[in-house]
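Work through the two exercises below with the structure in view. Try each task before you read its solution.

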Amino acid sequence: MNVEPGNALLTVTEVRKAFGGVQAVADCSLSVGAGEVCGLIGPNGAGKSTVVGLVSGSVRPDGGRVWFDGVDVTTWRPNQRARRGLLRTFQISQAWPRLTVIENVMVAAPGTDGESLLAVLFRRPAMLRKERERWQSAEAILEQFGLIQLRDSPAGILSGGQKRLLELARITMGGAKLALLDEPMAGISPALRTAVLDQVRSLQASGVAFLVVEHDLGVVAELCSRVVVMALGRVLSVGTLEELRQRQDVVDAYLGVSNQ
């Protein structure tokens, strides 16, 4: 049964996914509002990364529906969802190591005419003009994220934290309405941790929503106005982090272990 998404930017309704007979996600439902930073937490094996895959389109659900920006995108491919403004990052930062930092940002721009042979052959002046505009936009974004001095360096030399910032720069270039962040603080230094947090807040202030998978509850407390707790493939509870700390089932499933 299809469920209308209401006013939420993202609505996930009773999605489920099994791998080899193991139920990774079972009847999971959640939502993210426009401009909201929503946390997704739970113990290892709870199904969090599978949910991110189901929302991004890299994993096809066995049942349930995914609505984004008022449209049922359940059968859409990841690139189709990305063009509508649904983008993601990964637990291990993804970058094209031999491309320069600015090239990594530019490839995230939607509607690249260079993908079309006809555009190259017959619309070269217009294509070159758009390429210059993309270059200028990419430079402005790199300035925003503190990476402009590394513009012409290969992305492979970046530190873990710089790669996280590059991912955020790419989703900005891609016109994200909602970004899925899968453990964004993994493997970065304390100094760049602060920079990443500041940039997420800045993007939220500009209207970008986030669904954040994160084990560091300090980060969750700093960023997320609402938190979804998963356990054994199901949503256990939803609320503020302080509200969830008062629930014994949540403490038993995750928070008590996490705070030891």
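**Exercise 1. Describe the largest cavity and its lining.**

Step 1. The largest cavity holds about 30 Å³ of space. A cavity is a set of points on a 1 Å grid, over the protein atoms alone, where a 1.4 Å probe fits but cannot get out. Its volume is the space filled by probe spheres set on the points, which are joined across faces, edges and corners.

Step 2. This is a predicted model, where local features need pLDDT of at least 70, side-chain atom pairs count only at pLDDT 80 or more, and totals for chains, interfaces and linings use all residues. Residues are numbered from 1 along each chain as its sequence is written, and side-chain values use heavy atoms, leaving out hydrogens and water.

Step 3. List the lining (residues with an atom within 4 Å of a point). It consists of Thr89, Arg164, Glu167, Leu168, Leu181, Pro184 and Val196.

Step 4. Find the main contributor. Helix α6 (residues 160-173) gives the largest share, three residues. Helices here are DSSP runs of H or I, at least four residues, numbered from the N terminus.

**Exercise 2. Describe how α6 packs against α7.**

Step 1. Two packed helices are described by the angle and the distance between their axes. The axes of α6 and helix α7 (residues 190-205) come within 9 Å and cross at roughly 15 degrees. Axes are lines fitted to C-alpha atoms over the stretch in contact, with angles from 0 to 180 degrees between N-to-C directions.

Step 2. Angles under 35 degrees count as roughly parallel, so α6 and α7 are roughly parallel to each other.

Step 3. Name the partners in contact (heavy atoms within 4.5 Å). Residues including Leu165 and Leu168 in α6 meet residues including Leu192 and Val196 in α7.

Conventions: On a 1 Å grid over the protein atoms alone, a cavity is a set of points where a 1.4 Å probe fits but cannot get out, and a pocket is an open set with protein on both sides within 12 Å along at least five of seven lines; lining residues have an atom within 4 Å of a point. Helices (H or I, at least four residues) and strands (E, at least two) are DSSP runs, numbered from the N terminus. Angles under 35 degrees count as roughly parallel, over 145 as roughly antiparallel, 65 to 115 as roughly perpendicular and the rest as oblique.
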